[in-house]
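Biologist: Could you take me through one binding site in close detail? Start right at the ligand, and after that carry on into whatever else helps me read the model.

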Amino acid sequence: MSGGNGHNGQALVRVEHLKKWFPVAAAGLSFGASHEWVQAVDDISFEIAKGETLGLVGESGCGKTTVGRTVARLYEPTSGKVVFDGQSIYDLPAEEMRRVRRKIQMIFQDPYASLNPRMTVGDIVGEPLDIHGLAKGDARKERIYQLLETVGLSREHASRFPHEFSGGQRQRIGLARSLAADPSFIICDEPISALDVSIQAQVVNKLQDLQEKMGLTYLFIAHDLAMVKHISNRVAVMYLGKIVEIADGFELYAHPSHPYTTALLSAIPIPDPTVEEERRRIILEGDVPSPINPPSGCHFRTRCRLAKPACSEKEPELTDRGAGHKVACWVA
Amino acid sequence: MDNLLRVRDLKTSFFTYAGEVRAVDGVNFDVAGGEAVAIVGESGCGKSVTAMSLLRLIPEPGKVLAGSVELAGRDLVKLKEREMRHVRGNDISMVFQDPMTSLNPVLTIGTQLMEAIRQHQKVEKDKARARAIETLEMVKIPSADKRLAQYPHQLSGGMRQRVMIAMALSCHPKLVICDEPTTSLDVTIQAQIIELLKDLKKATGMSIILITHNLGVVAGLATRVIVMYAGKIVEYGPVNEIYGIPQHPYTWGLLRSVPRLDAAEKRRLVPIYGQPPDLLKPPVGCRFNPRCDHAMKICREQEPPFVPVNGNGQHHVACWLQHPAAPAVAGFKKGVPA
Ligand SMILES: Nc1ncnc2c1ncn2[C@@H]1O[C@H](COP(=O)(O)OP(=O)(O)O)[C@@H](O)[C@H]1O
Ligand SMILES: Nc1ncnc2c1ncn2[C@@H]1O[C@H](COP(=O)(O)OP(=O)(O)O)[C@@H](O)[C@H]1O
Ligand code: SF4
Ligand SMILES: [Mg+2]
Ligand SMILES: [Mg+2]
C-alpha cells in the first residue's frame, strides 16, 4: 500500500468529471419541457488501482449508489468519463459493452430484493454464465458448485430457494453470482449494512480473502466509516454529490482536513466507554440540503463551522495536499 | 441507587403452529432511577420481546408466562389491563426504531402530540398546545410552534425520531425504553439523538433502557450493559467491565467482530461463526455452545449457572469457563482473547 494512488499498480478504474443528474418535474409546471435536476453526482473524479479497495462514505442521499451504478453503466451519465482497463466505457457500442460488463459486477445492500425468489440458488448463481455463454451442461453445474463453495456455501444449497437462507447467506449468494462471470472489479453497495455485526465480519473477511486470491478491485460503499476504514486502502468522503476528501484510511483518520470529514469521524461511536468519555463530538446542525438546489459555492457551507464569505462564491476544487491526500475546501 | 425497575425470572413465549418459541427465558435485571441500561445482542435474541413484556404489549400468539416486573415496588404483571394502560405513557413510554410506522401519516405532529398529552393528563386544549411546544423544544426541534402544523412526511428521519422522543417524554415518564432508536439513521443524526438522550436523562432524571446492536452507541450512554443471547442474559455488568474485562465468549465475539475506528493497525476481524439458534429448539446445555470456541463437554449437557465475577457483586456471567475446574483461557489482548 502506498500513500499516493493506492497501490503501486496502474489505475484499473479512472473516473473523470462524472456527473449524473436526474430530472424531476418542477412543481406547478404542467408542461413536460421544464425540469429541475437532482444533482445526485456532480463532477467527481477518482481512480482505483488494480487490486485496491476504495471506500466511499457519506450520509444517505449524498450520491454513493448513483456513483456505483453510473460507474457500472447501469445508468448513463449526464457527462464525464469512466475509463475501465484502458477503455472509455461510455463510448463503447452495446456489443463491446456487454463484454466489459462481465468484468464489472455489483453487489447490493438488500440481498433478498436482488435475488429472484422463484429461481433456485443454482440458477441465480448460474445466470451470468448463461447470459455471457460461459458454461453449459455439466461444466455449468460444476462451476456453480465451485462458486458456492468459494463463498462458503455448499453444493447442496444449489437446489434451494433464497427465502430458505439467512441474510448473511443471501449476501453470499449475491457474491457467488457476481463472481460467476469472472469479474475484475466489484462495486459493493452497502453489502453488509443490513447484517448483524457477527455476520458482517464473516462477509467482510470473505471479501478480503477473495480479493487476495483473485486480485479483485473493489469500490466499497458504506456509511459505517469504521468498517470502510478497515476494508479499504483509500477512503473517499462524499457530501451532496461531491467528493470532499480522499486519502489513505489511516491518514484520513489521523489527519482529517475537510470540516465535514472531521464531523463525520467524530460522530462514529467507538466501542470503548473510556474513550467515549473523553471524546468531543462535533454535532452538525440541521439536515443535508436538497440536491435539487444545492448551496452555491461549497455545498457544505450551510452547515460548516469554518465557512467564510468566499465559500458561497466559488466551488472549491479537490486539490492534492501531499501524498495523495486530496481536499476540497477553501479554508482547511 | 434505588431500583426503579426490578425484573425477575421473566419468561415470554410465542405459541406458534410449529411449537413454543421461548423468546425470553428467565430474565433478571434492575434499572436504577436516572440510570441508562443497555440491552445488546444479535437480532432475534429477545431484546424487543423483553421490552414489550415489560409493557405487556406482547402480540398473539405470545404470552408472558412467568416472572415479575416491579416498577417502584408495584408488580406490573399483576395489574389489570386498565391500570396497565395508565402505566404506559405515564410511567413507562417507548421509542421505536422506525418513527414512520409509529406516527400517523394523516395527522399533524401537533394533533398527535396533543392527543398523547391529553390522553394521560386532563388539560385544556390550549394548555396541551403549550405543553406540546414545550416538549418539542425540549428535544431541540427548531421553530417548534411551526412544526405543530406539519405532517410526519414533511420531516427528516432525524426530526421524526425527535418527535417520537418528544411524544415519549410528553407525560414525564420515569422510564423510557428506546428500541434501536438510531438504527435507521445516519451516523451524524445518530450522534445527535444519543447526545439528546444523554441531555434529557440529566435534565429530567428519567431512566432509560437502550436496546441496540451497536456496541459503540452503548459505550457513550449506558452505565450498565445486558448481553442477551437466545432468550437469556449471558452477561450483565457495569459498562466499563463489559468492555474492559468481558467474561463471556459471546461478548468477546461481539467485540471482536467489529473494527474500531481508532484502530492503529489492520487486524483481521473475528466473526462469530454460524447463526443464532432457532428458539423453537434451542441447543441443550449452554445455548451458545455450537458457536463457542471454548465449548467443553459440560457445555453441551448442562446449562451454566449465572455467577458473580470480579468480586464486586455487580458483574455476572453464565458460562462454564467460570467453574473452578475449567481450563484457563489464554492470550488476552485488550480484554478479549485475540
Ligand atoms: N432514479 C432516480 N431518480 C431521481 N432521483 C434519484 C434517483 N436515484 C437517486 N436519486 C436521488 O439522488 C440523490 C442521491 O441518491 P443515492 O445515490 O441513492 O444516494 P446514497 O446512495 O448516498 O444514499 C438522492 O437525493 C436521491 O433521492
Ligand atoms: N409475533 C411473533 N411470533 C412468533 N415468534 C416471535 C414473534 N415475535 C418475536 N418472535 C420471536 O422471538 C424471538 C425474539 O425476537 P425479538 O425480541 O424481536 O428479537 P430482537 O429484538 O433481539 O431482534 C425471535 O426468535 C422471534 O422469532
Ligand atoms: S458455557 Fe461453554 S459453550 Fe457456553 S459460552 Fe461458556 S464455554 Fe462456551
Ligand atoms: Mg445508497
Ligand atoms: Mg428488536
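Modeller: Start with A:Thr65, where a polar side-chain atom sits 2.8 Å from an oxygen atom of ligand 1. Next door, the side chain of A:Thr66 brings an N or O atom to 2.5 Å from an oxygen atom of ligand 1, and A:Gly63 joins in with a backbone N or O atom at 3.0 Å from a ligand oxygen. On its own ligand 1 exposes 560 Å², and the protein buries 65% of that (areas by the Shrake-Rupley method with a 1.4 Å probe; for residues, only the protein chains shown count as cover). A polar contact here is a pair of N or O atoms within 3.5 Å; within protein, one has to be able to donate a hydrogen and the other to accept it, and residues adjacent in sequence count only if both atoms are side-chain atoms.

Before going on: this is a predicted model, where local features need pLDDT of at least 70 and side-chain atom pairs count only at pLDDT 80 or more, while totals for chains, interfaces and linings use all residues. Residues are numbered from 1 along each chain as its sequence is written, chains are lettered from A and ligands numbered from 1 in the order in which they are written, and side-chain values use heavy atoms, with hydrogens and water left out.

Back to the site. The residues around ligand 1 include A:Phe22, A:Val38, A:Ala40, A:Glu59, A:Lys64 and A:Pro291, where a residue counts if one of its heavy atoms lies within 4 Å. By class, that shell has 5 nonpolar, 5 polar and 2 charged residues (Ala, Val, Leu, Ile, Met, Phe, Trp, Tyr, Cys and Pro are nonpolar, Asp, Glu, Lys and Arg are charged, and the others, Gly among them, are polar). Strand S2 and helix H1 (64–71) of chain A each give at least two residues to the shell, and H1(A) has the largest share, with 3 residues. Helices (H or I, at least four residues) and strands (E, at least two) are DSSP runs, numbered from the N terminus.

S2 of chain A (residues 35–49) is worth a second look, as A:Asp43 is found there. Phi of A:Asp43 is near 65°, a positive value in a residue other than glycine. A:Asp43 is partly exposed, because its relative accessibility is 34% and buried means under 20% relative accessible area, exposed over 50%, and partly exposed in between (1.4 Å probe, protein chains only).

Now for ligand 2, in chain B. Among the residues that surround ligand 2 are B:Phe14, B:Thr16, B:Ala23, B:Glu42, B:Cys45, B:Val49 and B:Leu279. An oxygen atom of ligand 2 is 2.7 Å from a polar backbone atom of B:Gly44, a backbone N or O atom of B:Lys47 lies 2.9 Å from a ligand oxygen, and the side chain of B:Ser48 has an N or O atom 2.8 Å from an oxygen of ligand 2. Ligand 2 has 560 Å² of accessible area on its own, and the protein covers 68% of it. Its shell has 5 nonpolar, 5 polar and 2 charged residues. Strand S1 (3–16) and helix H1 (47–54) of chain B each supply at least two of them, with the largest share, 3 residues, from H1(B).

Follow chain B past H1 and you get to B:Pro61, in the loop between H1 and strand S4 (62–71). The peptide bond from B:Glu60 to B:Pro61 is cis, with omega near -5°.

One more spot in chain B: B:Ser207, in strand S8 (residues 207–212). B:Ser207 counts as buried because its relative accessible area is 1%. A polar atom of the B:Ser207 side chain lies 2.9 Å from the backbone oxygen of B:Ala32, and a polar side-chain atom of B:Ser207 is 3.0 Å from the backbone nitrogen of B:Gly34. Leaving aside neighbours within four places in sequence, B:Ser207 is also in contact with residues including B:Leu4, B:Val31 and B:Lys174, contact being heavy atoms within 4.5 Å.
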